[in-house]
Amino acid sequence: SWHAPVLVTAPGGKTEVVTAIIKQVLAFDADSGQPLWRCNTGINCYYLDAPFIHDVYGPEWAERFIGLDTWVRAGVPVIISSDHMVGLDPDHSMNSYNPFRAMYAAVSRRTESGQVFGSGQKLSRLEALRAMTAVPAYLNSEEDKSGTLENGKFADFVVIDRDYLTCPEKEILRIKPVRTVVAGRTVFQRQ
């Protein structure tokens, strides 16, 4: 993966430069209507690194660093995930794999220190949830099997301790799984 400034034309013709961490570039058949590329955002890097980007490259870079809303408005399928690297703790490893921290950063644009860069790049909670579930299934050509809860699809889901869509924004960081079900079988149950 690499950091790259990317030129994106949003609906209405406005062109913006967005810095993103690009994981994969794919070419599709021009007649298919499918995206020419996709973006795995690495939003956890924003959560930790935006103040550094601001100090080193300036406020303009920090404002567009991992500019999720620009990508979504331009029709780019955006995935929220992490590159888990070091440590077993989901919150304090080198790159957190806590999905709720990633979704918090996507909807609040707050960094670990509470700073906000690029407030116009916030996603709605539903957009962030889709970027964690339905969009990855679509980009893996598995939308007929996963990504949403529907008859005939894998029964993969997590029961959480509060309502992600309505809890106070800061509480998204504190969401904990209560139960995890994979293929219809409970694989985790909080005691």
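At 14% relative accessibility, does aspartate 69 count as buried or exposed? In this predicted model, aspartate 69 falls in the buried class, because its relative accessibility of 14% lies under the 20% limit that defines burial. Its salt-bridge partner is arginine 73, and the closest N and O atoms of the pair are 2.6 Å apart. Arginine 73, in contrast to its buried partner, counts as partly exposed, with a relative accessibility of 34%. The two residues both belong to helix α3, where they are four residues apart and therefore separated by about one helical turn.

The bridge between arginine 73 and aspartate 69 is one of four salt bridges counted in the model. Others are found further along the sequence, where Asp161, Arg162 and Glu171 are linked in a network of salt bridges. Within this network, arginine 162 pairs with aspartate 161, with the closest N and O atoms 3.1 Å apart, and arginine 162 also pairs with glutamate 171, for which the closest N and O atoms are likewise 3.1 Å apart. Each member of the network is partly exposed: the relative accessible area is 25% for arginine 162, 36% for aspartate 161 and 25% for glutamate 171.

Apart from these charged pairs, the nonpolar interior may be described. The largest nonpolar core comprises 30 residues, of which Ile43, Ile80 and Ile172 touch the most other members. Helices α1 (43-57), α3 (68-73), α4 (99-108) and α5 (125-132) each supply at least two residues of this core, and the greatest contribution comes from α4, which gives seven residues. Helix α3 thus appears in both parts of this description, as a supplier of core residues and as the helix that holds arginine 73 and aspartate 69.

The surroundings of isoleucine 172, one of the three residues that touch the most other core members, can be given in more detail. When residues up to four places away in sequence are not counted, isoleucine 172 touches Phe100, Tyr104, Val107, Arg125, Tyr164 and Cys167. Among these contacts, Phe100, Tyr104 and Val107 lie within the range of α4 (99-108), the helix that gives the most to the core, whereas Arg125 falls within the range of α5 (125-132).

Technical notes: Residues numbered from 1 in each chain as written. Predicted model: local features only at pLDDT ≥ 70, side-chain atom pairs only at ≥ 80, totals over all residues. Heavy atoms only, no water. Core = buried A, V, L, I, M, F, W, Y, C linked by side-chain atoms within 4.5 Å. Buried < 20%, exposed > 50% of the residue type's maximum accessible area, 1.4 Å probe, protein only. Contact = heavy atoms within 4.5 Å. Salt bridge = Lys/Arg side-chain N within 4 Å of Asp/Glu carboxyl O.
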